[in-house]
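Me: I should be grateful for a close look at one helix pairing in this structure. Please describe how the two helices meet and which residues bring them together.

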Amino acid sequence: MDELRQKYLGAISEVADEAALEYLRVQAVGKKGEISLKMRELGKMTPEERQVAGPALNALKDEINSALAAKKAALADAALDARLRTEWLDVTLPGRARPQGTIHPISQVMEEVTAIFADMGFSVAEGPQIDSDWYNFDALNIPEHHPARGEMDTFYMHRDESDNRPPHVLRTHTSPVQIRTMEVQGAPLRVIAPGRVYRADYDQTHTPMFNQVEGLAIDTDISMANLKWVLEEFVRAYFEVDTVELRFRASHFPFTEPSAEVDLRCSWEGGQLKVGEGDDWMEILGSGMVHPKVLEAGKIDPAKYQGFAFGMGIDRIAMLKYGIPDLRAFFDSDLRWLRHYGFSALDVPTLHQGLSR
Amino acid sequence: MKFTLSWLKHHLETTASVDEIAETLTDLGLEVEGIENPAARLADFTIGKVLKAEKHPDADKLRVCEVETDQGTRQIICGAPNARAGITVVVAHPGTYIPGIDTTIQVGKIRGVESQGMMCSEREMELSDEHEGIIELPSGKVGARFIDWLAENDPAKTDPVIEIAITPNRPDALGVQGIARDLAARGLGTLKATETDPVPGTFPSPIGVSIDADTLDGCPLFVGRVIRGVKNGPSPEWLRDLLKAIGLRPISALVDITNFFTYDRNRPLHVFDADKVEGDLRVHLAKGGEQLLALDEKTYTLEPGMMVISDDRAPESLAGIMGGEESGVTADTVNVFVESAYWKPITIALTARKLKINSDAKYRFERGVDPAFTPVGLEHATRMIIELCGGEPSEVVTAGAVPGDTRAFRLDTDHVQSLVGMSIPADRQRQTLSDLGFTMKGDMAHPPSWRPDIQGPADLVEEVARIASLTKLEAKPMRRTQVGVPKPILTPMQKREQIAKRTAAALGYNECVTYSFIDEAAARLFSGGTDATRLENPISSEMSHMRPALLPGLLQAAARNQARGFADMALFEVGAVFHGGEPEEQHTLVSGLLVGRTGPKDVHGASRSVDVFDVKADAEAILAAIGAPAKAQILRGTSEWWHPERHGMICLGPKKVLAVFGEIHPRVLSAMDVKGPAMGFTIWPEEVPQRRSSSATRDALALNDLQAVERDFAFVVDADVEALALVNAAAGADKTLIDGVRLFDEFIGGSLGEGKKSLAITVRLQPTDSTLTDKDIEAVSAKIVDKVGKATGGVLRG
């Protein structure tokens, strides 16, 4: 028996491939293998002999089976290792590219502005871009022949000769949305109205279409001091700085009274804008207390309600915040520009995680 | 509006500096656009004396001068003919900026000889156009600053010029006195009185004036007088300097005087050569067709209703806009008729717009001059004409009268405080209004005649706040509309737009913002370009029509990018399009465009041409993101800018189109210079039905422990059978058991023969009660084969 054991365990340890191992298995423990044949001889033995030989044979069979299994696993491991060695890949090859889309800075900034004003209770109002001259001018206290009309570089829509109405205009500002919103919602009211506006002007710093955001808050007790606070809060949140300083300067808009241009304290160093410090003042928006005639046009009683309005260039504040030099490029759709200044789909501006990454 | 500091000081007693004045003006709403201060410009120039001047060894016209300066004796090469020993000159040392030649001079060699500075002419320092030679000062100490010498000897040349922007509501600030009044009200000085006694006439005016009854609306008042025996030479230097400083060209004393009052008091005047006026002057409305040669040397043909001033012969002046050439004054004029009239803004604006004339007078009358000052202005002008040109004034002739002014508004001092949010004491408020010329009678404020913009109590608030200074405004928190966490504010449509944008970007598209107006040809390709959407005054023919769709703008963007060498792109836009010219004919669309390949050539061979199924998947992904139902029909037959055989409409019923996707028609591509093929989609987000329930709760998840079974079927159908019909038929075979049907293969032609194709589907069976037996599966398979056969004529592929 020891001889058998020696023979097979030795042979198993020396086997080099699975076929030889299988051959050995058949030789040793296969149906007609040496050990099986020995087992068969047990029947011819005396009970006493069997008592000794039986367990010994079984033990030998187990031992050989284990050795076979161990060897089989070892051979498989070696084969796998050998195969993997042939599977070398150049992992410096580029990964499979996924297309990268972008969000336009105007959309991004509109969402930023919306997030900030939403927190202060403003909702988002909209209005048509082709509008009647009543909404764009008359209702905003800019009667016909008012010099302000001439200064607006208004685009007029074609009118058929048979149509006696004054021609519609491409809205020159987002202010007509004030009137439309007042008509529908009444007071009290807090809205912003972002959108496209149009003026017939095209040069280094002007495009015939640009984007504005209008703000309007009407209640019984809203004052210009509230306006200043709202704008300060907005600018601080938008530019993501701790302190801002605004300067109100008297000005004139037909639809507000008193009116103010608002300047922001800033510094320009090496083309970089820093908000809240420095000695420069930069004009960022126009604002004022809504003119009683405008409230009346919006069917709100000026004896009871008052409020403020402001208008700000979205493209402009986008340029300031993100250092974009040329307004005209906003509307050119140059892929290089879109990719460079655009935002990831996942950059959703929120107040809790910050507006920008 | 430009004026000089000394001009301002003619009306304002003040010790304030230029900078203080400028800052205050801006704060008052008279925004300073620029200050031209010679003291700043010329600060570095000093006085020197030429000690020696010798001919340059290598140049006949140059002299090598030794000049005594504040920095010792310097050698300066000079080309001026008058450079010679003994003269007192103005020296610029190296490093000094010379405004007249826009150069900072350096030490340099001129024809081999070193020059250590420069001696300047008046033109080089922008003092005048004089450039015959360098300045020779009649006095001056070597080393002194030239600007100090100038201030002492020729102060007009050091007078700072301030330019301010005037908002349309402030015609009074188009006169220097009006500006001074604002500053005085703020407390920056005292307004000087400039009242003048009337100049008595010594003879009746030989020229009479009248206003037609139907013209009194446009011209309520016309006054004038003849001054005879004047001498119309050049004006004195002070007046010429003043006008030149603000950019006007001095012409002759009479004209310069009218220009002076235009800027000094916002009182445009006109002077006629009295000898060229036949008979009397009459203000009336043109009949139409009359012609007038105006002072700008252009001939204007009048339309009926335009206001003119005519003599017995013909129109002599475009009333309030521009005088006529024929009756204008010349150097030979000896008898002059001075006109001071009040013209109503609207009439002036309309006429000037029609005739396309811009003039100082028009600009001012259009905004509103002080009607009450009309006769007073004539007296001022008379006085100055007699002073500068001599002559003898006639009695004043008058037609019409100063229009009545009944404006009066209650000053509610509490309201001012509540509106502005600033604490301004009531007496301060009243004082401010008085300082601005308002007459206070109790609580009622009567605006001065020079402030036509004051039209209601709100205007009083503005005046008070403006003079008090809005810089003092302190921010005050605005109370929140609700206690606690703010509610969401976006409307469902606004949310959809945002989600659509972010989904498209996530799918790899770059967002564009293209112009809302496009050229007519492009608009026509997309069913637009109609008269209703045409701009009356486009800035170019490229921007003539409101866009009927987003795709033309994206295609133009694609063409521009292709021209820059980018062949592959995915662009999208979300925005308004215009189906007509009325406000309500505007709709929001979402469009995407794929051009070229899915990506650049790559090592994995993943790059391929974009195709219809790319845009279909993208349109479906965006629709899903904005809440469109998963099941939709795909119909054909939409607009002609799509490939007729390669497009589909994603619909909920034949009339409810949510989106269109497909290949852009090759003719459209070639018309727009885009190298194709190009795939596009357009989504109508407003068409997607609103979610029925506003609850965030989901349906319970139904999980089934029984094993699902998948079976594959391949059907042979006619080639024009649509896969969706087959899939729907299979899915309808057993609605409880069939969990899903997925098309996984399409095979056309080959052994199937002409006009046939094979479509292979996987059907997933999900039992709910008991495990499926072979018999169950056979039964449902038979039903599927039957249904598909009936719906599509398809047979199982053998």
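Reply: In this pairing within chain A, helix H5(A) passes helix H9(A) in a right-handed crossing. The model is a predicted one. On the H5(A) side the contact is formed by A:Glu112, A:Val113 and A:Ile116, and on the H9(A) side by A:Phe234, A:Ala237 and A:Tyr238. By character, the residues of this contact comprise five nonpolar, one charged and no polar. The charged one is A:Glu112, because Glu counts as charged, whereas Val, Ile, Phe, Ala and Tyr count as nonpolar.

As for the geometry, two packed helices are described by the angle between their axes and the distance between the axes. Helix H5 of chain A covers residues 105-119 and helix H9 of chain A covers residues 224-239. Their axes come within 10 Å and cross at roughly 135 degrees. H5(A) and H9(A) are therefore oblique to each other, because an angle has to be over 145 degrees to count as roughly antiparallel and 65 to 115 degrees to count as roughly perpendicular.

The wider setting in chain A can be given through its domains. The domain assignment divides chain A into domain 1 (2-86) and domain 2 (106-341). The centres of domain 1 of chain A and domain 2 of chain A, taken over C-alpha atoms, are separated by 91 Å.

Technical notes
Residues numbered from 1 in each chain as written. Chains lettered and ligands numbered in written order. Predicted model: local features only at pLDDT ≥ 70, side-chain atom pairs only at ≥ 80, totals over all residues. Domains from an automatic or database assignment. Axes fitted to C-alpha atoms, helices over the stretch in contact; angles between N-to-C directions. Helix = DSSP H or I, 4+ residues; strand = E, 2+ residues; numbered from the N terminus. Parallel < 35°, antiparallel > 145°, perpendicular 65-115°, else oblique. Left-handed = near helix turned anticlockwise from the far one by under 90°. Contact = placed C-beta atoms within 7 Å.
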